Amino acid sequence: MTSSTFKPLSLASLIPTPLVQSTLHLFTIDDEKAIINNNLHHYTAAFKDCINLKTVIFYGDVKYISSHAFDNCVNLVEVELPDTVNYIEDYAFYRCDSLKHMTVPNGVTTINNGAFSECSSLSSI
């Protein structure tokens, strides 16, 4: 059995917008999977246009998914939102064409305008 070592994401290769890595605390297993340990509330469009991203896992005390956070992540198929999420901002998952199902935690009190707009494969929320 081999073990995986978590490495900080390369901002230049994965995140098209300038972010402060030490503040966001992002870790990844490979180019297709992001594991996020912080709120995306202050990071509008943090993963916008990351077309290779397929899986996103949040852990820790994540409460916010920011505006356009995963906009145009056309190959995103799996998102695991923790029960701590209570706010999904405008267009957070806009144009996530490969996303077929989303489970929204019971604690979510606000889903803003267009959060799941143009997700052509999304059949249930």
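This tour goes from the whole chain to its sheet, its nonpolar core, its cysteines and two loop residues.

**Ground rules**

The model is predicted: local features need pLDDT of at least 70, side-chain atom pairs count only at pLDDT 80 or more, and totals for chains, interfaces and linings use all residues. Numbering starts from 1 along each chain as its sequence is written, and side-chain values use heavy atoms, with hydrogens and water left out.

**Stop 1: the whole chain**

Show the cartoon. The protein chain has two helices and eight strands. Both kinds of element are DSSP runs numbered from the N terminus: helices are H or I with at least four residues, strands are E with at least two. Along the sequence the pattern reads β-α-α-β-β-β-β-β-β-β.

Switch to a surface. The protein chain exposes about 6,700 Å², and carbon and sulfur atoms supply 48% of it. Areas come from the Shrake-Rupley method with a 1.4 Å probe; for residues, only the protein chains shown count as cover. Of the 125 residues, 39% are buried. Buried means under 20% relative accessible area, exposed over 50%, partly exposed in between (1.4 Å probe, protein chains only).

Now the contacts, defined as heavy atoms within 4.5 Å. Among those with a separation of 6 or more, 25% join residues 24 or more positions apart.

**Stop 2: the sheet**

Select E5, E7 and E8. They form an open sheet of three strands in the order E5-E7-E8, with parallel pairing. Strands E5 (64-65) and E8 (110-111) are at the edges with a single partner strand each, so one side of each has no neighbour in the sheet. Strands pair if DSSP finds at least two bridges between them. Strand E7 (residues 87-88) is joined to E8 by two bridges. Label isoleucine 88: its opposite in E8 is isoleucine 111.

**Stop 3: the nonpolar core**

Which residues have the most contacts inside the largest nonpolar core? Select Ile65, Phe70, Ile88 and Phe93; this core has 28 residues. Strands E3 (33-36) and E4 (55-58) each supply at least two of its residues. A core here is a set of buried Ala, Val, Leu, Ile, Met, Phe, Trp, Tyr and Cys residues joined through side-chain atoms within 4.5 Å.

Center on phenylalanine 93. Beyond four places in sequence, its contacts include Ile65, Leu76, Val79, Met102, Phe116 and Cys119.

**Stop 4: the cysteines**

Show the sulfur atoms. How many disulfides does a search of the whole structure find? The search finds zero; a disulfide would need a pair of cysteine sulfur atoms within 2.5 Å. Cysteine 73 has its closest cysteine sulfur in cysteine 96, at 5.3 Å, too far for a bond. For cysteine 96, the closest is in cysteine 119, at 5.1 Å, again too far. Cysteine 73 is buried at 0% relative accessibility, and cysteine 96 is buried at 0% too.

**Stop 5: two loop residues**

Go to aspartate 71, in the loop between E5 and strand E6 (78-80). Aspartate 71 is buried, at 2% relative accessible area. Its side chain makes a polar contact with the side chain of histidine 68 (2.7 Å). A polar contact is a pair of N or O atoms within 3.5 Å; within protein, one must be able to donate a hydrogen and the other to accept it, and residues adjacent in sequence count only if both atoms are side-chain atoms. Past four places in sequence, aspartate 71 touches residues including Phe47, Lys48, Tyr91 and Tyr94.

Finish on tyrosine 94, in the loop between E7 and E8. Tyrosine 94 is buried, at 16%. Add valine 74: the two are 20 residues apart in sequence and 9.3 Å apart in space, C-alpha to C-alpha.
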